[in-house]
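Student: I should like to understand how the assignments in a structural model are justified. May we go through the reasoning step by step?

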Amino acid sequence: MERIKEKFTIKITDRGIVILSGEEKSLHFTAGEALMLLDILRNKEPKLKQMAEKASPIPIKIKV
């Protein structure tokens, strides 16, 4: 069985958040920008879940 590899890491800093990829690339967001991104992702959640279910080779349910 293949090990799961982290594709990215999210770190909360004193200025906001940083998203680090496994390829040493990073995205920096202020707290305000991070909240706007969170709002956008929440609004897109149903579509993202549908896309993830279609792309998955085995049925996986992700609950947060």
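Tutor: Let us begin with a definition: a residue counts as lining a pocket if it has an atom within 4 Å of a grid point of that pocket. The model is predicted.

Student: What makes a residue part of the lining of the second largest pocket, and which residues line this pocket?

Tutor: The criterion is an atom within 4 Å of a point. Phe8, Ile10, Ile17, Ile19, Ala34, Leu37, Leu38, Leu41 and Arg42 line the second largest pocket, and therefore each of them has an atom within that cut-off. Two or more lining residues come from each of β1, β2 and α1 (31–55). The largest share, 5 residues, belongs to α1. The space in this pocket is about 330 Å³.

Student: How many residues of the lining count as nonpolar, polar and charged?

Tutor: There are 8 nonpolar residues, no polar ones and 1 charged residue. Arg counts as charged, so Arg42 falls in the charged class.

Student: Why are strands β1 and β2 said to pair?

Tutor: Pairing requires at least two bridges. Strand β1 (residues 8–12) and strand β2 (residues 16–21) have 5 bridges in the antiparallel sense, so the requirement is met. Ile10 stands opposite Ile19 in β2, and a hairpin of 3 residues joins the two strands.

Student: How do you know that β2 and β3 pair?

Tutor: The antiparallel pairing of β2 with strand β3 (residues 26–30) has 5 bridges, and therefore satisfies the minimum of two. Gly16 stands opposite Thr30 in β3. The hairpin of β2 and β3 has 4 residues between the strands, and Glu24 there takes a positive phi near 65 degrees.

Conventions
Residues numbered from 1 in each chain as written. Predicted model: local features only at pLDDT ≥ 70, side-chain atom pairs only at ≥ 80, totals over all residues. Heavy atoms only, no water. 1 Å grid on protein atoms, 1.4 Å probe; cavity = no way out; pocket = protein on both sides within 12 Å on 5 of 7 lines; lining within 4 Å. Points joined across faces, edges and corners; volume = space filled by probe spheres on them.
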